[in-house]
Amino acid sequence: LDDNCNGSPAVNEADPDGDGDMVCEGDCNDLAASINPGQPEACDGLDNDCVNGVPANEADTDGDGYMTCEGDCNVSNSTVYPGAPELCDGLDNNCSAGLPANEQDQDGDGSMTCEGDCADGNSSVYPGQNEICNGNDDDCDTLVDEGVPNCP
């Protein structure tokens with residue numbers, strides 16, 4: 001069969017998948033009818049339209065099994081993907097479009113509730129803070145005013 005009318009049939013002038021496109025016409029995978037020029041991209045990690053290779057939003061660059069087109073909101077971090085467990089790392093691990101409240105530093109003291117900040121509305125109370133004689137647990141260790149000299 002000489003589908004390009006050049007006078008001689010060739011192997012790349014056949015259409016084994018029957019999609020109407022041949023390798024010599026730009027079909028980059030003539031064994032799959034769903035892959036040919038003009039085909040829409042399908043978020044499957046394949047070059048469905050035979051133009052410029054696999055689109056960037058279909059690459060799983062961090063190896064977590066998810067692509068941007070599947071909702072991965074950070075393709076350079078393998079702990080971030082749709083449905084991932086939230087970690088105390090200040091990232092939206094499950095791609096829910098927001099950080100959980102316990103991963104936000106509400107008072108700006110550099111410590112989050114998930115890191116042990118026992119009063120995230122008070123910037124002078126956080127783990128590692130020095131205790132002062134004030135009747136409060138300033139360092140979040142469940143002890144009040146411990147180690148402060150001359151404190152009743």
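Partly exposed here means a relative accessible area between the 20% under which a residue is buried and the 50% over which it is exposed. With that in hand, welcome to some close-up views of this predicted model.

**View 1. The disulfide of Cys88 and Cys114.** The two sulfur atoms lie 1.9 Å apart, and the angle of 70° about the S-S bond makes the link right-handed. Cys88 has a relative accessibility of 36%, so this residue counts as partly exposed. Its partner Cys114, at 27%, is partly exposed too. The model's disulfide count is 5.

**View 2. The disulfide of Cys118 and Cys140.** Here the sulfur atoms are 2.2 Å apart, and the link is left-handed, with -80° about the S-S bond. Cys118 is partly exposed at 47%, whereas Cys140 is buried at 17%.

**View 3. The disulfide of Cys133 and Cys151.** A separation of 2.0 Å joins these sulfur atoms, with a right-handed turn of 80° about the S-S bond. Look for partly exposed Cys133 at 44% and buried Cys151 at 18%.

**View 4. The aromatic pair of Tyr66 and Tyr81.** The aromatic pair count is 1. In this pair the ring centres are 5.2 Å apart and the planes differ by 10°, so the rings count as stacked, the cut-off being under 30 degrees. Tyr66 is partly exposed at 29%, as is Tyr81 at 21%.

**View 5. The surroundings of Thr79.** Beyond its neighbours within four places in sequence, Thr79 touches Ala84, Leu87, Asp89 and Asn93. The C-alpha atoms of Thr79 and Asp89 are 9.9 Å apart. A side-chain polar contact of 2.6 Å links Thr79 to Asn77, and Thr79 is partly exposed at 30%.

Methods:
Residues numbered from 1 in each chain as written. Heavy atoms only, no water. Phe/Tyr/Trp six-rings, centres within 6.5 Å; stacked < 30°, edge-to-face > 60°. Buried < 20%, exposed > 50% of the residue type's maximum accessible area, 1.4 Å probe, protein only. Contact = heavy atoms within 4.5 Å. Polar contact = N/O pair within 3.5 Å; in protein donor to acceptor, adjacent residues only side chain to side chain. Disulfide = S-S within 2.5 Å.
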